[in-house]
Amino acid sequence: MEVVICRSYDEISKAAAKEIADLLNTKPDAVLGLATGSTPLGMYKELVRMHKHDGLDFSQVTTFNLDEYVGLSPDHDQSYHYFMHENLFKHINVPPQNIHVPSGTAKNHKAFCAWYEQRIKDCGGIDVQVLGIGSDGHIAFNEPTSSLGSRTRIKTLAKQTIEDNARFFKSAGEVPIYAITMGVGTIMEARKLLLLANKKNKAKAVADMVEGPVCTMCTASALQLHPDAMVFIDEDAAGELKMKDYYKWIQTKKPGAPKSA
Ligand code: PGA
């Protein structure tokens, strides 16, 4: 796992967007795995800027989102369909038929989940998967004790997640309690993972993910087993890392890193 400690949220967003732009410049028909939440907003802004000002082309790109609330229709303003449309898709040239977000309104959830898994495979697998992390250490909606081999399925949200996400709804009582989510096993099959985190409330989850045991109590800890996982965090989210100085030192020793005076 490569831990990159950034000076600001802006730097996290730009560094993650650059990873995606570099991929698209070498593989214009890449398959992107996308995430919702507050954390990737800056990265989406930067990708939109790159599209508008630098000509970053999404015309051959395919996308798969991690998750969706069960029961929210795509036009609900808290659905992840709506979030993705407003914050990314409507600003770039990704063909609508190439966009995949799990359906929160599918009648047969089991069949839908199986179709979603197969569709990812049929599109050649995910090249790069963007991830946030919950304050309880979840990736996507894989709450503590989710199997690290899990596939796309329905999950019941943890109370912590409902409380964390209540800020987007009028009250905690309005937050759906079920979601369709890619599994940890699904996520781990992506060829590259980019996990973004900022703010103090993520510090414990980040420390558990990077330095804790690999275990279902922090599903993000599965990233320790991925051969190409990058973690972009700010100083606040890095606050509980024991090896923080080492991760910083590694960055200064990377080829192309600025030489210190
Ligand atoms: P956030 O959510 O980006 O809104 O903090 C992250 C997550 O729960 O995965």
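The following exchange goes through the pockets and the bound ligand of a predicted model.

Me: How do you know that the ligand sits in the largest pocket?
Reply: A molecule counts as sitting in a pocket if more than half of its atoms lie within 2 Å of the pocket's grid points. The space taken by the ligand is the largest pocket, whose volume is about 690 Å³. Of its 33 lining residues, Thr36, Gly37, Ser38, Asn165 and Arg167 are the closest to the centre.

Me: What makes a residue part of the shell around the ligand, and which residues are in it?
Reply: A heavy atom within 4 Å of the ligand is the requirement. The residues around the ligand are Gly37, Ser38, Thr39, Gly132, Ile133, Gly134, His138, Arg167 and Lys202.

Me: Why is the shell around the ligand counted with six polar residues?
Reply: Gly is placed in the polar class, so the glycines of the shell count there. The division of the shell is one nonpolar, six polar and two charged.

Me: Why is the approach of Thr39 to the ligand called a polar contact?
Reply: The cut-off for a pair of N or O atoms is 3.5 Å. A side-chain N or O atom of Thr39 is 2.4 Å from an oxygen atom of the ligand, so the pair qualifies. For His138 the corresponding distance is 2.7 Å, and a polar side-chain atom of Arg167 lies 3.0 Å from a ligand oxygen; these pairs therefore qualify too.

Me: How much of the ligand does the protein bury?
Reply: Alone, the ligand exposes 280 Å², and the protein buries 84% of that.

Me: What makes up the lining of the largest pocket?
Reply: Strand E4 (67-69), helix H3 (80-87) and helix H5 (159-165) each supply at least two residues. H5 gives the most, with three. By class, the lining of the largest pocket has 13 nonpolar, 14 polar and six charged residues.

Me: Where is the centre of the second largest pocket, and what lines this pocket?
Reply: Val4, Ile5, Arg7, Glu11 and Gln251 lie nearest its centre, among 18 lining residues. Two or more lining residues come from each of strand E1 (2-6), helix H1 (9-26), strand E10 (229-234) and helix H8 (244-252). E1 has the largest share, four residues. The space in the second largest pocket is about 480 Å³, and its lining divides into nine nonpolar, three polar and six charged residues.

Methods: Residues are numbered from 1 along each chain as its sequence is written. This is a predicted model: local features need pLDDT of at least 70, side-chain atom pairs count only at pLDDT 80 or more; totals for chains, interfaces and linings use all residues. Side-chain values use heavy atoms; hydrogens and water are left out. On a 1 Å grid over the protein atoms alone, a cavity is a set of points where a 1.4 Å probe fits but cannot get out, and a pocket is an open set with protein on both sides within 12 Å along at least five of seven lines; lining residues have an atom within 4 Å of a point. Grid points are joined across faces, edges and corners, and a volume is the space filled by probe spheres set on the points. A polar contact is a pair of N or O atoms within 3.5 Å; within protein, one must be able to donate a hydrogen and the other to accept it, and residues adjacent in sequence count only if both atoms are side-chain atoms. Accessible areas come from the Shrake-Rupley method with a 1.4 Å probe; for residues, only the protein chains shown count as cover.
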